[in-house]
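Open the model in your viewer, switch on the side chains and keep the selection box at hand. We will walk from stop to stop, and at each one you will hear what to pick and what is there.

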Amino acid sequence: MADVAALADVSTATVSRVLTDRPGVGEATRRRVLDAVERLGYRPNAVARSLRVESTYTLGLVIGDICNPFFTELARAVEDAASARGYSLILGNADEDAARQERYVDVLLNRRVDGLLVVPAVAQSDAIGLAVRQRAPIVFVDRELPGIDVPVVRSDGRAAMRELVEHLLRLGHRRIALISGPEQASTGMERLAAFRETLGVAGVPLPVAYVRHGDFQEASGETEMAALLNLTDSPTAVIAADNLMALGALRVIRARGLCIPEDIALASFDDSPWFELLDPPLTAIAQPTKELGALAVTTLLELMDRRSAPSASLACRLMARASCGEPRSELQP
């Protein structure tokens with residue numbers, strides 16, 4: 001900074017004002033400083049700067065499962081948005097495990113990230129609760145935790161599930177099953193509640209055996225799909241509450257030699273780029289992942305700046321594809 005000041009013939013205080021975009025510097029002087037910065041190839045020392053302004057210019061993100069395409073895309077969207085605002089991102093993969101989530105929250109806050117984005121993996125969190133009481137800037141993404149008052153940036157899963165079930169009903173399906181997510185995840189509970197509610201409004205019965213509880217992992221999709229196919233009155237259509245469970249369900253359907261949608265229809269909550277390449281292409285709910293990531297960063301920065309920020313819910317899109325055609329007449333109740 002002293003070299004820049006000498007070349008631009010200004011004080012180091014003036015250089016600091018220009019680099020932090022503070023007022024009080026004339027345009028000609030500002031231009032001189034920026035020219036000197038460019039000529040010298042100067043890059044501010046982030047650690048030293050953080051000691052002066054109590055900021056590390058880093059954000060933390062704890063996601064549910066890095067192998068899940070939804071969270072992979074979300075992490076990329078958050079990183080892009082953070083980088084555009086001058087922040088680096090440190091990522092923690094909780095792998096849908098409560099202990100790992102708690103450890104990452106502690107580690108990231110101890111490393112003095114300026115703010116934290118969390119996709120909660122459990123129904124409660126001591127680490128997050130303590131951090132909120134200590135006024136650490138935290139925003140929940142995709143999921144929420146009861147009793148913890150922080151901004152939440154999420155998709156409108158209830159409306160999306162309702163639209164997907166209504167789509168199957170219009171196609172003539174009446175025996176519709178759900179491979180639900182874990183009950184401790186707010187998204188799992190929300191999608192299940194909307195599924196039950198929509199069938200109830202339509203007057204369509206829902207046998208207890210038609211609701212299977214998975215864990216958002218591929219293996220549980222396989223297990224629960226096999227259980228549904230083993231029923232005497234097996235469903236004509238199955239919704240998997242996320243894309244990994246949909247993949248597991250698809251493996252079982254193919255392994256049993258069944259055809260989609262002639263023998264059974266399959267749909268997924270969460271789209272994936274490869275869904276449209278399947279034969280037949282898979283019907284899915286597409287969440288606005290890029291918009292979620294960008295809005296989550298904006299909300300966190302607002303919270304850091306103003307100590308308050310609003311929650312937001314974004315609309316999803318139904319990607320109606322060929323995997324949910326009309327059921328055969330002999331499969332009707």
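Begin by selecting Pro261, which lies in the loop between helix H11 (243-255) and strand S9 (265-269). Helices (H or I, at least four residues) and strands (E, at least two) are DSSP runs, numbered from the N terminus. Now add Ile260: the peptide bond from Ile260 to Pro261 is cis, with omega near 0°.

Before moving on, a word about what you are looking at: this is a predicted model, in which local features need pLDDT of at least 70 and side-chain atom pairs count only at pLDDT 80 or more, while totals for chains, interfaces and linings use all residues. Residues are numbered from 1 along each chain as its sequence is written, and side-chain values use heavy atoms, with hydrogens and water left out.

Next, pick Asp279 and Pro280, where you will find a cis peptide bond with omega near 0°. Pro280 is placed in the loop between S9 and strand S10 (283-286).

Stay in that loop and select Asp270, which also lies between S9 and S10. Check its backbone: phi is positive, about 105°, although Asp270 is not a glycine. Is Asp270 buried or exposed? Asp270 counts as buried because its relative accessible area is 4%, where buried means under 20%, exposed over 50% and partly exposed in between (1.4 Å probe, protein chains only).

For another positive phi, jump to Arg112, which has about 65° and is not a glycine either. You will find Arg112 in the loop between helix H6 (98-110) and strand S3 (115-118). With 41% relative accessibility, Arg112 counts as partly exposed.

Now show S9 and S10 together. They pair in the parallel sense over three bridges; two strands pair if DSSP finds at least two bridges between them. Select Ser268 and look across to S10, where its bridge partner is Ala284. Then add strand S12 (residues 317-319), which pairs with S10 in the antiparallel sense over three bridges. Here Ala286 has Arg317 in S12 as its bridge partner.

While S10 is on screen, turn on its side chains. In a regular strand the side chains alternate between the two faces of the sheet. Both faces of S10 are covered: Thr283 and Ile285 are buried on one side, and Ala284 and Ala286 are buried on the other.

Time for the rings. How many aromatic pairs does the structure hold? There are three, counting rings of Phe, Tyr and Trp (its six-membered ring) with centres within 6.5 Å; planes under 30 degrees apart are stacked, over 60 edge-to-face and the rest tilted. Select Tyr57 and Tyr87 for a tilted pair, 5.8 Å centre to centre with 35° between the planes. This pair links distant parts of the chain, 30 residues apart: Tyr57 sits in the loop between helix H4 (46-53) and strand S1 (58-63), and Tyr87 in the loop between helix H5 (69-84) and strand S2 (88-93). Tyr57 is partly exposed because its relative accessibility is 23%, whereas Tyr87, at 16%, counts as buried.

Then go to Trp274 and Phe275, an edge-to-face pair at 4.5 Å centre to centre and 90° between the planes. Trp274 is partly exposed at 30% relative accessibility, while Phe275 is buried at 1%.

For the last stop, select Arg191 and Phe269. The charged end of Arg191 sits over the ring of Phe269, 3.8 Å from its centre; this label requires NZ of Lys or CZ of Arg within 6 Å of the ring centre and within 35 degrees of the ring normal.
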